[in-house]
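Q: I'd like a close look at one part of this model, the lining of its largest pocket. Please then connect it with what surrounds it.

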Amino acid sequence: METSGANDLWDELPGDTQNSLENLGVTSPDWQSIQNLSPGAVFSEIGSQARAQAKGPLAAMFQVLFVILLCALMEGLKVSFGDRPLSGVVNTVGTLCVCAAIIMPIVSCIAETAEVIYGSSMFLMCYVPVLAGIMIAGGQTVSAASYHMMMIGAGEVVSQLSTYFLVPMLNIFLALSIVSSISPRLKFNGICEMFYKAVKWVLSIVMTIFVSLLTIQNLIGVAADNAGTKAVKFAVSNFIPVVGGALSDAYTTVQSCVKVLKSGVGAFGILAAGVIFLPVLLELILWLAAVNLSAVVGDLFELKEISVLLRSVGKVISAMIAIVVCCMVILIISTVLLLLIGGGHT
């Protein structure tokens, strides 16, 4: 454990992630610590995080509902101002008030999401070499090389995208959604819809290709490593006189011990990835629920401008959720495949 550098992984985690893991009873990549993890502690931590992240979305939702009720009241009065209906002015002002209530928190949430994704990629850069080194120590040299190459490349891509592409792209998407909602004459709705669908399709294709390549490489690597291990055991058992059989059994025992170490570090990586993304994922889900619920209330009072704005913001949040889930799955699924397929190594 000390030689592999696994103990240093704890220090590479963000402070909030360390606190959450401590609440779960996990303080190191030791498999015994992770084995004591209980479902009750997991659900308790999820509930605690949800309560902590609910303050912003709930406050914004109550502000938006207040604006909707005020606009509905003015709409019901049917008051006119000169030649222009006052209700039209009220709807426009109401839409701008909704923007003031939710846009800045959403922009902050976009920046926070990008920061979390960047932090996860930095942890991935430290985690992958440790796990690859443990695999090499256990005789899985081919699997370790393919896993290291794929995951380091994925971590670098995720890091660059979160820094130079994610924040500007989502902010532009949000701005176009707001403008198309406030000014119907500017036909940006088609562009926003196309962008939203493109994000979903691109992420689906990228995840399919990534998981397929990683699965194929793991299958080939495990087959090659199995052949090499059996050759070593055969040579030791048959060409070393007297103690050859004992050395072959000892080699198998050492490999089993390394497998336990690999399983503990792999499980720690999966758990750490989930805990890193949990707060921002819960916050985005709560924001999506708050925005959609407010849009439903707007529909009840026939406030089309506000409802269109809220649903456009909801699409931006949905795109962010898809991006976060994609980044989280890259780390979790890759490690799960490695542990499941690599488990057949004998």
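A: The lining of the largest pocket divides into 17 nonpolar residues, 1 polar residue and no charged ones (nonpolar: Ala, Val, Leu, Ile, Met, Phe, Trp, Tyr, Cys, Pro; charged: Asp, Glu, Lys, Arg; polar: the others, Gly among them). This is a predicted model, in which local features need pLDDT of at least 70 and side-chain atom pairs count only at 80 or more, while totals for chains, interfaces and linings use all residues. Residues are numbered from 1 along each chain as its sequence is written, and side-chain values use heavy atoms, with hydrogens and water left out.

The volume of the largest pocket is about 450 Å³ (a pocket is an open set of points on a 1 Å grid over the protein atoms alone, with protein on both sides within 12 Å along at least five of seven lines; lining residues have an atom within 4 Å of a point). Among its 18 lining residues, L161, L203, V206, I323 and C326 are the closest to the centre of the pocket. Three elements, α6, α7 and α9, give two or more residues to this lining (DSSP runs numbered from the N terminus: helices are H or I, at least four residues, and strands are E, at least two). With 8 residues, α6 makes the largest share of the pocket lining.

Now for the enclosed spaces. The model holds 3 cavities of 30 Å³ or more (sets of points where a 1.4 Å probe fits but cannot get out). In the largest of these cavities there is about 80 Å³ of space (that filled by probe spheres set on the points, which are joined across faces, edges and corners). Around the largest cavity sit S120, S121, L124, A154, G155, V158, F277, C327, I330 and L331. By class, this cavity lining contains 7 nonpolar and 3 polar residues, with no charged one. Helices α5 (86-137), α6 (141-182) and α9 (304-342) each contribute at least two residues to the cavity lining. You will recognise α6 and α9 from the pocket, where each also gives two or more lining residues.

Let's step out to the packing. The largest nonpolar core counts 94 residues, and I102 and Y127 touch the most other members (a core joins buried Ala, Val, Leu, Ile, Met, Phe, Trp, Tyr and Cys through side-chain atoms within 4.5 Å). At least two core residues come from each of α1, α4 (55-77), α5, α6, α7 (189-239), α8 (244-300) and α9. Helix α5 supplies the largest share of the core, 21 residues. Over the whole protein chain, 43% of the 346 residues count as buried (under 20% relative accessible area, exposed being over 50% and partly exposed in between, with a 1.4 Å probe and protein chains only).

Helix α1, one contributor to that core, has two sides worth turning toward you. In α1 (residues 15-24), the buried residues are T17, Q18, S20, L21 and L24. Viewed down the helix axis, these buried residues fall within an arc of 165 degrees, so they line one face of α1 (the arc is that of the directions from the axis to the C-beta atoms). The other side of α1 carries the exposed D16 and N23. Just past α1, G25 adopts a positive phi of about 90 degrees.

Helix α8 also gives at least two residues to the core, and two of its own positions deserve a look. L288 belongs to α8 and counts as buried because its relative accessibility is 19%. The C-alpha atom of L288 is separated by 8.5 Å from that of V313, although the two residues are 25 apart along the chain. E283 is in α8 too, and at 11% relative accessibility it counts as buried. From E283 to A50 the C-alpha distance is 7.3 Å, across 233 residues of sequence.

In the loop between α8 and α9 you will find E302, which is exposed, with a relative accessible area of 71%. E302 is not a glycine, yet its phi is positive, about 60 degrees. Most residues other than glycine have a negative phi.

Finally, the overall frame. The protein chain has 9 helices and 2 strands, following the order α-α-α-α-β-β-α-α-α-α-α along the sequence. Its mean pLDDT is 79, with 84% of residues at 70 or more (pLDDT is the predictor's confidence in each residue, from 0 to 100). Confidence is highest in helix α3 (residues 39-53), at a mean of 89, and lowest in strand β1 (residues 80-81), at 50.
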